[in-house]
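Q: I am new to this structure and would like a close look at a single part of it. Please take me through that part and then show how it sits within the rest.

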Amino acid sequence: MADEVDRAQELELRQRNVAVAALQAKLNAPLVIVENCIECDDEIEPERRAVMPSARRCIECEQRREQARRQARRRLKRR
Ligand SMILES: [Zn+2]
């Protein structure tokens, strides 16, 4: 019985170490800044990137997406 508890604790510790290592790797990874829009491949406006470094679409594509999302929501409401 004691052996099994030891083994369970050891396993838990090992899993925790793996999780911590994965988290640290993620935190240490450099922030990837996308320079070109993932949809139209145009350069993302520097002002936009300054405000939102994680932006992956240019303003045009982002607005188009927003609009599509709004329309989809409206369609859902009608039902
Ligand atoms: Zn775009």
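A: The loop between α1 (2-28) and α2 (46-51) is where Asp 41 lies, in what is a predicted model. The backbone at Asp 41 deserves attention, since Asp 41 is not a glycine and yet has a positive phi of about 70°. As for its surroundings, Asp 41 has 9 C-beta neighbours inside 10 Å, and because a residue with 12 or fewer is classed as exposed, Asp 41 counts as exposed.

Glu 39 is also found in the loop between α1 and α2. With 14 C-beta neighbours inside 10 Å, Glu 39 counts as partly exposed, because that class lies between the limit of 12 or fewer for exposed residues and the limit of 20 or more for buried ones. Leaving aside residues up to four places away in sequence, Glu 39 touches Arg 57 and Cys 61. Cys 61 falls within the range of helix α3, which covers residues 59-78. In the direction of α1 the picture is one of distance, for the C-alpha atoms of Glu 39 and Leu 11, which are 28 residues apart along the chain, are separated by 45 Å.

Another residue of the α3 helix helps to place the loop. Glu 60 lies in helix α3, and with 13 other C-beta atoms within 10 Å it is partly exposed. The C-alpha atoms of Glu 60 and Asp 42 are separated by 9.9 Å, although these two residues are 18 residues apart along the chain.

On the other side of the loop in sequence comes helix α2, which holds Glu 47. Glu 47 is exposed, with 9 other C-beta atoms within 10 Å. Between the C-alpha atoms of Glu 47 and Gln 9, which are 38 residues apart along the chain, the separation is 51 Å.

The two helices α1 and α3 can be described in a similar way. For the 27 residues of α1, a rise of 1.5 Å a residue should give a span of 39 Å, and the end C-alpha atoms are indeed 39 Å apart, which agrees. None of this helix is covered by the burial count, as the number of buried residues in α1 is 0, so α1 lies largely in the open. Helix α3 has 20 residues and reaches 29 Å from its first C-alpha to its last, close to the 28 Å expected. Helix α3 is hardly covered, with a count of 0 buried residues.

Stepping back to the whole, the protein chain has 3 helices and 0 strands, and along the sequence it follows the pattern α-α-α. Its radius of gyration is 23 Å, well over the 12 Å that the globule rule gives for 79 residues, so the protein chain is more spread out than a compact globule. The C-alpha trace spans about 65 × 40 × 20 Å along its principal axes, and 4% of the 79 residues count as buried.

The domain assignment gives domain 1 (1-30) and domain 2 (33-79), and the centres of these two domains, taken over C-alpha atoms, are separated by 39 Å. To return to the part examined here, Asp 41 is exposed and has a positive phi, while Glu 39 is partly exposed and touches Arg 57 and Cys 61.

Note on methods: Residues are numbered from 1 along each chain as its sequence is written. This is a predicted model: local features need pLDDT of at least 70, side-chain atom pairs count only at pLDDT 80 or more; totals for chains, interfaces and linings use all residues. Helices (H or I, at least four residues) and strands (E, at least two) are DSSP runs, numbered from the N terminus. The expected span of a helix is 1.5 Å times one less than its number of residues. The radius of gyration is taken over C-alpha atoms; the globule rule is 2.2 Å times the number of residues to the power 0.38. Domain bounds come from an automatic or database domain assignment. Two residues are in contact if their C-beta atoms, placed from the backbone, lie within 7 Å.
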